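Welcome, and thanks for taking a look at this one with me. Here are a few notes to read alongside the structure.

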Amino acid sequence: MLEVLNVTKRFGGLVALKNVSLKIERGERVAIVGPNGSGKTTLFNVINGVYKPDEGRVLFEGVDITDLPAYRRAHLGIARAFQIPRPFPNITVRESAAIGALFGSYYGRIGVREALEIADEKLKLVNLYDKRFELTGRLTVPELKLLELARALASKPKLLLLDEIVAGMPPAMVDHLMLLVRRVADEEGIAIATLVEHVMRAVVRFADRVIVLHLGSKILEGGPEEVLRNPLMEEIYLGRRWSP
Amino acid sequence: MSLALEVRGVESGYGKIQVLWGVDVTLKEGSMVAVLGPNGAGKTTLLRTIMGIIRAWRGSVMMYGLDITSMPSHRRVELGLTMVPEGRRLFPDLTVRENLELGAYTRRARERIGETLELVFNLFPRLKERLHQKAGSLSGGEQQMLAIARALMTRPKVLMLDEPSQGLAPKIAWEVAEALDKIRREVDISVILVEQNVALALEKADYVYLLEQGRVVLEGFREEVLARKLDIVRSYLGY
Amino acid sequence: MTLSRTHILALLTLYAIILGLRILVEVVGPLGPITGQLLTLLAFYIALGQAFNIFLGMTGYVDFGYVAFMALGMYGMASGVVRAYEAGLPGYYGIVFGLIQTITLTSLLALIVGGIALRLRGAYFAIATISVNEGLRYLVEGLDIWEGSRGLIVSGPLIRLFGSEGFSLLATIISDIMVFSVALLALVISIVFLNTRIGYALKAIREDEDAARVMGVNTTMYKVLAFTTSGILGGLLGAAWSFKVASIYPPDAFNILYTIEAIILVMLGGAGTLAGPIVSGTLYGSLKYFLAGILPGFQLLVFAPILVAVIVVAPEGIVGALRAYIPATRRFIA
Amino acid sequence: MADITSILPYYIISGLLVGSIYGLATIGLTLIFGVLRVVNVGHGAYIMIGMYVTFWLFTLYSLNPFITLIPAFLVGLALGMLLFYVALKRLLRAPELSTLISTFGFGVILEELAKVLWGADYRGFVYSLGSLYFQGIPLPLVRVWPAVIALGLVIALYVLLYRTRLGVAVRAVTQDPEGAMVCGVDVERVYFLTVALGIGLTTASGALLAIYFQQGINPYIGHLYTLRAFVIAVLGGLGSPIGAFIGGLIVGVIEQASVPLFTMLGAPNPFGLSVFLTFTLILVILLLRPQGLLGR
Amino acid sequence: MVERSWLILGGIVVILLILVGIGYYTTRPPEVTPTTPASTPTGTPTQTPMEVRTPTPTETIAPPVAVPDRIVIGFTLPLSGAFSKEGQLALKGALAAVKWVNEVYGGVKIGGKRVPIEIKYYDDESKRDLVISLYERLITVDKVHFLVGTYTSTLVMAAAPVAEKYGMVFVNWGGASDLINKQGYKYVVTTWTQASRYMAPVLDLISSLDPTAKRVALIWKSDEFNRIVMEGVRSRAQTLGFTIVYDKSFPIGTLDFTPLLVELAVVKPDIIVTGTHFADGLAITKQLADMGVNAKLIAVNVAPSVPDYYKSLGALAEGIVFPSEWEPGVWWGPDYAKKLGVEFFGPTPQEFHVMFLAMHGEEPTEYSASLANAIILLVKAIEVAQSLDQKAVREAFSKLDIVTFFGRFKIDPETGFQIGHQSVIGQWQDGRKVIIWPPDIATGKPYYPVLTWEEKKAGRRAIP
């Protein structure tokens with residue numbers, strides 16, 4: 001469904017992505033793993049249209065979307081939950097989630113009332129329903145992440161880009177959340193690409209496939225257990241000369 | 001050995017969002033402390049609070065027995081506290097020389113500027129070659145060196161580094177680390193190091209704190225921590 | 001905030017009170033210090049605030065050239081009337097033609113400026129719009145459009161088209177009602193915006209434009225939409241006002257003070273709030289009006305420190321502060 | 001008129017002279033914006049104060065108007081300090097609009113105070129020094145000298161910004177306040193000094209303008225310059241003092257030289273069109289190079 | 001740190017003290033504060049003037065004169081904003097007129113009584129929105145009996161429709177635009193010469209002096225007033241056979257006239273006529289001097305009639321010729337009235353001059369005089385009408401043909417256009433304003449050709 005073909009992205013002299021290719025099928029769950037600065041976020045930005053790649057193409061459902069603006073991609077069904085939550089501090093939680101519904105793949109087909117209903121439904125799902133009339137600025141960081149998820153789900157995506165959705169969450173919640181995402185994704189046939197830096201356990205339980213990025217290049221790809229057991233991982237993560 | 005820095009029960013955050021929940025950190029004079037932890041654990045916030053860039057909501061920060069909790073940051077610099085911020089925060093349009101001179105902005109530092117410059121050039125000979133270049137035109141590694149050099153120009157007694165290896169190729173990161181070692185050998189200085197590269201941090205630090213969600217979850221001397229390597233790995237990889 | 005029925009009712013009641021007073025005054029004469037023109041002046045400021053709020057309050061962009069819309073509205077209406085007079089047509093044609101011209105001119109300006117300048121942000125956008133405003137003014141003077149610097153004077157044509165009585169009616173009660181209508185129209189459009197996709201898009205843009213785009217908001221389109229709507233309303237307000245002043249001079253019509261007044265009105269009341277312009281318009285208008293009598297020549301000296309104080313103490317504006325600190329007010333103040 | 005084109009060089013020189021002062025009058029605005037990210041909407045009021053200082057000291061004490069530059073500058077410094085403490089300090093982290101309104105309010109207060117103190121009369125004075133001749137047309141020295149002094153002040157500012165410790169600190173704060181903080185720069189003091197210096201330069205330019213034009217000074221005269229200063233600041237790149245000076249020169253030349261050109265083209269009101277041209281230029285520049293000529 | 005902040009604070013205080021000191025030492029005009037209590041006239045409800053002036057002025061029957069205990073005249077003035085100078089000057093005139101009517105004349109003779117007058121005014125900030133609402137406030141809330149105008153055409157244009165709506169007589173003393181009376185208003189009465197006839201007499205003067213000086217250059221601010229002034233000059237030039245060799249405008253807000261003056265120097269005209277207000281008039285004179293542009297006669301609009309002009313320019317103002325509605329030295333007295341065979345009313349020019357000087361410590365200007373004149377004429381019209389009915393007073397104005405200290409008053413009955421009054425031409429001679437045209441009231445001889453700028457700088461005075 002999503003194909004990234006030989007994408008390269010530079011910022012000035014810095015090469016953030018080097019000739020990266022990947023494919024995500026309908027309903028598949030892919031984890032993209034890598035330490036800080038490995039180019040994960042840039043990859044997401046290329047997929048959902050914040051950046052245009054310097055080289056390479058991005059295809060979605062067989063259509064070349066490389067030149068489509070970000071908002072058009074959202075209408076096609078690519079949703080994203082941000083790593084550092086981008087709350088709209090002065091509007092309510094419910095409205096915030098409704099924005100997801102209004103401008104996602106429902107775009108132009110539903111009105112505010114339906115959007116608010118969808119928002120309520122998704123807020124119930126992530127357990128934020130009780131806070132739906134709070135201003136988003138008053139939520140805690142974990143709550144904001146839940147809201148990001150609810151907003152992304154409300155847009156009825158075909159492809160959901162989860163950017164470090166579980167980082168900074170208590171372990172018990174992480175499990176719950178990943179199970180939840182998995183269930184919703186299975187029910188609705190959503191393909192998921194999730195960026196993971198640290199919380200590997202979730203990845204193991206969650207992903208069908210893991211892709212490892214390091215310094216802008218794809219260096220490993222495979223099943224989760226297989227990738228995690230690879231000795232390269234420790235070196236990438238904890239640094240070289242790990243010699244106690 | 002007296003205490004260079006003593007952080008007691010510090011709570012702080014941004015706007016209404018609390019990030020640190022009662023953090024205690026102690027830095028003995030002449031030692032190097034590493035603060036580890038996954039993204040979002042509050043490491044940078046801790047440094048910014050110690051530096052006085054953001055205000056501590058509760059708790060206290062003492063430096064050599066002096067309460068500096070509510071002092072503006074430039075006063076703290078005068079007292080000998082400084083930091084190499086995350087992302088370096090150099091002045092891209094100023095030359096390397098001007099960046100260094102700014103480091104020696106306080107009176108105490110200015111008086112010894114010649115001496116310090118010599119020291120810095122000894123540590124980072126490459127900076128001397130690039131003296132009149134604009135900071136923005138340096139490579140990543142050079143920028144990091146300049147950032148450290150600029151911090152040294154303030155004649156710190158306590159130096160805090162926020163992820164000095166970030167975005168650097170491993171080889172360069174280790175060069176930076178070596179330079180840090182050299183600094184500690186040549187200048188009488190105490191260091192707080194916040195680092196992603198656990199291996200690097202563990203190799204250099206005397207004492208280690210592991211931060212998770214704004215709280216210290218593990219601390220100990222380097223040897224103790226190395227023995228509990230698994231805990232760190234768990235924290236990082238989330239097993 | 002989501003608008004409830006209570007909110008809308010409260011807003012409409014406030015409008016009804018002012019409009020009701022205006023009609024009452026027209027029928028029975030002034031009530032104490034309250035005159036028809038005072039109410040119209042208040043309505044003018046409310047309409048100005050409400051119309052500008054649709055752009056400034058909802059998107060967070062500062063348009064320093066907003067007065068250009070009012071100016072084009074005045075010119076559109078006035079030149080329409082003059083043309084009808086010259087062509088020997090009945091006056092009503094002139095007004096209809098003037099309205100058409102107003103809407104065409106203001107929407108053209110909004111589309112052109114919006115399409116080009118809305119790519120800029122912050123101070124750059126503000127200054128680009130100042131340039132548009134000043135540029136237009138000197139274009140009118142330089143190329144002698146609409147009588148150039150001589151000024152376009154419509155009282156003569158109006159008197160000849162509608163008679164002395166008709167002109168009096170136009171200059172007072174009819175244009176007053178037009179001003180009220182613009183205020184009401186701006187309020188209704190604001191309510192409609194807030195209750196539809198448009199309002200959600202604008203709020204998302206105001207809070208975080210980049211995030212909004214990723215979430216599927218066509219930011220350019222919605223910004224231009226808000227800009228154009230706000231601009232056309234400003235133009236209509238200008239058109240209504242042109243009967244009142246009956247003569248239009250470029251330095252007056254394009255006077256940046258109106259823009260600054262509009263900004264003050266939005267900020268004083270609370271940007272993005274619907275009751276804000278009503279509160280600030282009433283306050284600002286009556287302060288100006290009464291200080292003119294109490295302290296002739298000193299009203300600005302009284303007014304400016306108040307303004308600075310309000311901004312330093314309560315940057316979220318009066319209504320914003322009310323909603324923030326007295327939660328009970330949230331139920332009926334929007 | 002063929003003879004008009006032949007004296008085009010005169011117009012250009014004359015434009016450079018005015019432009020030099022325009023540039024100085026804009027530097028304060030752009031400096032404050034660069035360091036504090038605050039647009040001083042009440043800019044013109046400070047120019048007006050500078051003019052009055054020159055006027056009064058000259059008429060009351062027959063002080064050489066060029067010497068009045070110093071008290072004008074000092075008054076500006078003091079006003080800048082006042083502005084910072086009263087209207088800006090608490091709003092540094094507030095939204096842009098708040099500072100727009102408070103600086104506007106402050107400007108209005110100054111204008112109204114000036115009116116209460118000195119009345120709304122237009123005051124003028126005469127001070128002549130003779131003329132240079134260029135292409136046989138006189139170039140009055142009361143216009144040449146202010147321009148030269150403005151240039152001198154700009155050079156002094158350049159030296160201050162690029163050759164002194166404080167100047168480097170100011171530039172550092174412009175680029176990265178937090179980076180400056182960890183170097184031990186008292187950022188708030190830099191803000192404070194920048195506002196004082198910026199307003200000081202503005203009042204000084206007011207004094208020079210008073211000598212240059214010697215036209216009626218009244219409390220609202222500053223409005224004429226506020227918009228011009230905005231235009232010039234954007235042209236040169238908001239936040240770039242040297243850019244502002246160059247922008248000033250460009251606007252000066254356009255104002256002077258485009259009038260005869262429009263006349264030749266047969267425009268009904270060439271003066272108006274020349275102002276239109278200035279503002280159009282801004283739009284074009286903002287679109288092609290939003291950061292201005294020398295902006296980053 | 002503490003010491004430094006004290007130093008700074010101290011510095012601020014010292015410098016503010018300097019500023020205040022400067023302000024204190026300046027010879028500022030006496031405080032302009034309302035001398036009359038801002039109270040509305042009282043009266044039994046049935047007798048309120050509101051009953052008299054109904055909004056539908058077609059009713060002609062005036063009820064028997066119900067005389068209030070005072071007659072209130074309302075107006076706004078630009079006491080702040082762009083025209084505050086003129087506004088404040090005018091206010092002084094109004095105060096002088098009230099004083100004369102109440103204390104010297106003894107009050108309005110109406111219904112066999114002597115009724116004092118009172119003024120009620122607001123500051124319109126030179127803004128048209130305020131003009132509109134404040135005039136209505138004067139009419140409906142303050143219930144003033146009559147209205148006089150505000151200063152400058154643009155503001156008058158905004159005020160007139162309000163007066164017209166309520167059927168209130170509106171005595172326009174401060175809007176010189178011809179267009180005001182071309183709009184078809186029924187209640188607007190203009191007391192001073194319209195713009196088109198304002199400056200044209202300069203050309204009459206010059207053709208009487210020097211038949212060879214035929215090349216005229218016009219430089220004018222492109223606002224409505226000066227545009228019409230220049231149209232008047234142009235048409236007079238055609239009649240008298242002058243050649244216009246240069247004719248160019250500049251926009252409002254122009255500071256630097258160099259581009260125009262350079263061209264002007266190339267053209268070498270005999271006569272330079274500028275269309276300006278105060279600030280630009282001053283600036284253009286100064287710049288003419290700087291650029292050394294000489295002519296046989298230089299006429300500047302508006303600015304030179306204000307004494308500040310000479311105070312500002314000093315000797316450079318010598319010989320500059322200007323039009324004025326009125327000057328302190330113009331003795332349009334009872335003799336003039338006798339010559340015309342009409343009645344004289346009000347203070348004689350000398351009386352007015354003396355009284356004004358005593359009240360305000362300065363010479364009256366045309367603005368002061370014009371507003372004073374408007375009030376005095378209004379008093380006369382009320383007396384003629386013997387009624388407070390607006391329509392009656394308006395008709396009285398149509399019939400009036402009298403002379404006041406300001407000159408002759410006679411309007412076109414239909415439009416309210418002033419046809420009796422004429423402007424005078426003055427010239428600065430040796431630091432004094434001298435009236436040099438029309439000849440019958442001239443107080444001195446014209447100095448012609450005027451001194452060159454070089455001669456003036458060398459200290460020569462324009463003494464004929």
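**Notes on two interfaces**

1. Let's start with a single pair: Lys339(E) and Asp440(E) join their side chains in a salt bridge, at 3.5 Å from N to O. Please keep in mind that this is a predicted model.

2. To place that pair, note that chain E is divided into domain 1 (71–193 + 329–410) and domain 2 (197–324 + 430–457). The C-alpha centres of these domains are 29 Å apart. Domain 1 of chain E brings 18 residues to the contact and domain 2 of chain E brings 17 residues.

3. How many salt bridges does the rule find across the interface of domain 1 and domain 2 of chain E? It finds 1 salt bridge there, along with 2 residue pairs in polar contact. On the domain 1 side, helix 5 (153–165), helix 12 (334–340) and helix 14 (366–385) of chain E each supply at least two residues. That side divides into 9 nonpolar, 5 polar and 4 charged residues.

4. The area buried between the two domains of chain E is about 1,400 Å², with 61% from carbon and sulfur atoms. Between chain C and chain D, the buried area is about 3,500 Å², and carbon and sulfur atoms give 85% of that. Tyr124(C), Ile127(C) and Leu301(C) supply 17% of what chain C buries against chain D, more than any other three residues.

5. Across the interface of chain C and chain D, the rule finds 0 salt bridges, and the count of residue pairs in polar contact is 0. Helix 5 of chain C gives the largest share of the chain C side, 14 residues. The residues of that side divide into 30 nonpolar, 5 polar and 4 charged.

Note on methods:
Residues are numbered from 1 along each chain as its sequence is written. Chains are lettered from A and ligands numbered from 1 in the order in which they are written. This is a predicted model: local features need pLDDT of at least 70, side-chain atom pairs count only at pLDDT 80 or more; totals for chains, interfaces and linings use all residues. Side-chain values use heavy atoms; hydrogens and water are left out. Buried area is the accessible area (1.4 Å probe) that two parts lose on being put together, summed over both. A salt bridge is a side-chain nitrogen of Lys or Arg within 4 Å of a carboxyl oxygen of Asp or Glu. A polar contact is a pair of N or O atoms within 3.5 Å; within protein, one must be able to donate a hydrogen and the other to accept it, and residues adjacent in sequence count only if both atoms are side-chain atoms. Helices (H or I, at least four residues) and strands (E, at least two) are DSSP runs, numbered from the N terminus. Ala, Val, Leu, Ile, Met, Phe, Trp, Tyr, Cys and Pro count as nonpolar, Asp, Glu, Lys and Arg as charged, and the others, Gly among them, as polar. Domain bounds come from an automatic or database domain assignment. Contact means heavy atoms within 4.5 Å.
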